[in-house]
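User: Hey, I'm new to this one. Can you walk me through it?
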Amino acid sequence: MNLKKWLAAAVVVAFAGAGAWVFLGTGSAPAPQSTFVLLDGSTKTTEQMKGRVTLVNFWATSCTTCVAEMPEIVSTYQKYKDKGFDTLAIAMQYDPPAYVVNYAESRKLPFQIAIDNTGANAKAWGDVKLTPSTFIVDKQGKIVKSFVGAPDFAELHKLIEKLLSEA
């Protein structure tokens, strides 16, 4: 009986470790197949991201860290957009659409903004509940790094430059 308990515990630890490995960004996993509804009513899919390095940011207008990091995200986008880099900011399900539109327009956000009306995108991307949550997706469509909270932007820029230099 003790062997069964030990084996069960080992399996749980292995799965938890594997999940943490991917979640903490030390691994690489395919980005989930998702369709994002943009503010203009058009859609973007994860398949359409392939060929570009993409920063996917889950955020909310009520999140003070999200609002504080947004100028850095804009600056990062401006710095790398002409080199094969893209940014997609996804407002959380609980964020009122009017607030998201007002925020994006008043701050002239230069990248695509989506609203996750149903929560399906947050669920697909690891059941995102904490904002900001940021994922870096390589040209092949794999998540290579994730951040909960504001990333270290100097470290992020190094990673983006490395990924942009890869075939």
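User: So how many aromatic pairs does the count come to?
Analyst: Seven aromatic pairs. Rings of Phe, Tyr and Trp (its six-membered ring) pair if their centres lie within 6.5 Å; planes under 30 degrees apart count as stacked, over 60 as edge-to-face and the rest as tilted. Phe58 and Phe135 make an edge-to-face pair, with 6.0 Å centre to centre and 85 degrees between the planes. Phe58 sits in strand E4 (residues 53–59) and Phe135 in strand E7, so this pair ties together parts 77 residues apart in sequence. Strands (E, at least two residues) and helices (H or I, at least four) are DSSP runs, numbered from the N terminus.
User: Before I go on, what kind of model is this?
Analyst: It's a predicted model: local features need pLDDT of at least 70, side-chain atom pairs count only at pLDDT 80 or more, and totals for chains, interfaces and linings use all residues. Residues are numbered from 1 along each chain as its sequence is written, and side-chain values use heavy atoms, leaving out hydrogens and water.
User: Is Phe58 buried or exposed?
Analyst: Buried, at 0% relative accessibility. Buried means under 20% relative accessible area, exposed over 50%, partly exposed in between (1.4 Å probe, protein chains only). Phe135 is buried too, at 6%.
User: Which residues do ring pairs link into a cluster?
Analyst: Phe36, Phe58, Trp125 and Phe135. Trp125 lies in the loop between helix H5 (120–124) and strand E7 (133–137).
User: New topic: which residues does the disulfide join?
Analyst: Cys63 and Cys66, S to S 2.4 Å; the cut-off is a pair of cysteine sulfur atoms within 2.5 Å. Both Cys63 and Cys66 are buried.
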